[in-house]
Amino acid sequence: MVPIFFNNKQNLTFFFILLLITSASVTSLCVYGQNSTQKSLGLFSNGNNSVLNDVFNKVKDSVVQIATEYRSTDSPNQFFDTGTNSPVPAKFGSGFVYDKSGYIITNYHVVSSATNIVVTFNDGNTYSAQLVGADPYGDIAVIKLVDPSEENLVPVVFSNSTNLKIGNPVLAIGNPYGLDNTLTFGIVSQIGRLLPNSDSGYSIPNVIQTDAAINPGNSGGPLIDLSGDVVGMNTAIFSNTGAYAGVGFAIPSNDMLRIIPSLIKSGSYEHPWLGISGFKLTPDLSESFGLPRNYKGVIIDNVVKNGPADRAGLNGITIQVDRDGRQQIIDKDILIGVDNVPVTRIDDVISYLDINKKVGDSINLVVNRNGQVLKLTAILSPRPTLSLQDDLSSSPAGPNNNPYAPFPDFKLPQLPDFKLPQLPDFKLPQLPDFRAPG
């Protein structure tokens, strides 16, 4: 250390001022450090408990495990089993209490084709349940407990999912791999995702993306905020292995609240339908059409015959093949707006319809047809049966072959087959022959 010498009062005064400033700065840094530490630790520490533990305790009695029995596809008269000789519940999922009358919310893919549904609560009480209503397109189902009179039902509280922001902390509660009451923690990674659903042929719009660990068996469980309110329902994962890879998806609470009452009342929900497939206009395509490279819109690939868009006058693309076998789009409709709302992706169209429209509503379409801007009006009808989806997938650039699809390798997680571990054979050691001395 280098010694400091003071030759006069001025230098001494300057030293004391510098010392005061340094002390104040150190104190401020210490206070800031303490506040930052308290803020970060506050999430995980609250006296003897953590905030996360408090939230879990608030919701745990509302979350249920759902076990289902299925008919084997190989032998229609036998239950799907796990290698034993007796029919047993073979698959597990999750759900949560909707109201005190015994309605439980879960994913459609958790209970579809089930021959028997068994619901188990946190206290160990088990009840049979029946399917009340299902929306395969939105992957939402409502089941109802059979005679839940002995159960103190605790309905969840729903939060407004439109208030979610990227980075908000969220928790997932469910039964991954049949392990009941499992809590995982993460953040909202993104909002407004379009979730492809290969089973129904339609995508689920406006989905929440999260990095909270979601695994097979979590499907149907709630995604909650730090107040313990439900912001979504855990539905799917993006993974090449079927296990957690940091990308999970949840159906927003506002979508559930819009669909569930109809499922309880009538057993189904009608999604508004336009009858188109399309893909995003890229800069290279824009340039080839003589448009600015940053021109935005959806190229209408195919239009279902006699569907709402067809009746409104919307056309699919016309492709011409030259002598060298190269394809060229010669006629095209580019959808650039719906009800004066600009659209850039097919996701925007699907989300707008599902959130803002219902069957029978009219919708205004703004279309660029080979350079001429047109305004068309369509009357929305219910989605047709799934068999009609062949009309949409027949084109090489249809929705199932769209090169701009965000998740081309996307699958709903398989519900796990679950077995209790076999206990090893155990024998007491043989004691040696023992005789008292003679």
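A salt bridge here is a side-chain nitrogen of Lys or Arg within 4 Å of a carboxyl oxygen of Asp or Glu. Keep that in mind for later in the tour. The model is predicted, so to speak: local features need pLDDT of at least 70, side-chain atom pairs count only at pLDDT 80 or more, and totals for chains, interfaces and linings use all residues. Residues are numbered from 1 along each chain as its sequence is written, and side-chain values use heavy atoms, with hydrogens and water left out.

**Stop 1: the barrel**

Select β7, β8, β9, β12, β11 and β10, in that order: these 6 strands close into a barrel with antiparallel pairing. From one strand to the next, the twist averages 50°. Strands (E, at least two residues) and helices (H or I, at least four) are DSSP runs numbered from the N terminus, and two strands pair if DSSP finds at least two bridges between them.

Now zoom in on β7 (residues 169–174) and β8 (residues 182–196), which pair in the antiparallel sense over 6 bridges. Which residue in β8 stands opposite Val 170? Pick Gly 186 and you have found it.

Next, add helix α4 (residues 253–266), which packs on the sheet and touches β9 (203–210), β11 (230–237) and β12 (248–252). Touching means contact, that is, heavy atoms within 4.5 Å. The direction of α4 makes about 45° with that of β12; axes are lines fitted to C-alpha atoms, for helices over the stretch in contact, and angles run from 0 to 180 degrees between N-to-C directions.

**Stop 2: the aromatic rings**

The whole structure holds 4 aromatic pairs. Rings of Phe, Tyr and Trp (its six-membered ring) pair if their centres lie within 6.5 Å; planes under 30 degrees apart count as stacked, over 60 as edge-to-face and the rest as tilted.

Show Phe 96 and Phe 158: their ring centres are 6.2 Å apart and their planes at 65°, so this is an edge-to-face pair. Phe 96 lies in strand β2 (residues 91–97) and Phe 158 in the loop between β6 (140–145) and β7, so the pair ties together parts 62 residues apart in sequence. Is Phe 96 buried or exposed? Phe 96 counts as buried, at 0% relative accessibility; buried means under 20% relative accessible area, exposed over 50% and partly exposed in between (1.4 Å probe, protein chains only). Add Tyr 98 to see one aromatic cluster with Phe 96 and Phe 158.

Move on to Tyr 137 and Tyr 202, whose rings are also edge-to-face, with centres 5.1 Å apart and planes at 90°. Tyr 137 is buried at 13%, and Tyr 202 is buried at 9%. While you are here, show Arg 383: its charged end sits over the ring of Tyr 137, 5.1 Å from the centre. For this, NZ of Lys or CZ of Arg must be within 6 Å of the ring centre and within 35 degrees of the ring normal.

**Stop 3: the salt bridges**

A search of the whole structure finds 10 salt bridges. Return to helix α4 and select Arg 258 and Asp 255, whose closest N and O atoms are 3.4 Å apart. Both lie in α4, 3 residues apart, about one turn of the helix. Arg 258 is partly exposed at 26%, whereas Asp 255 is buried at 5%.

Finish at Lys 357 and Asp 339, which meet in a salt bridge of 3.0 Å, N to O. Lys 357 and Asp 339 are both buried.
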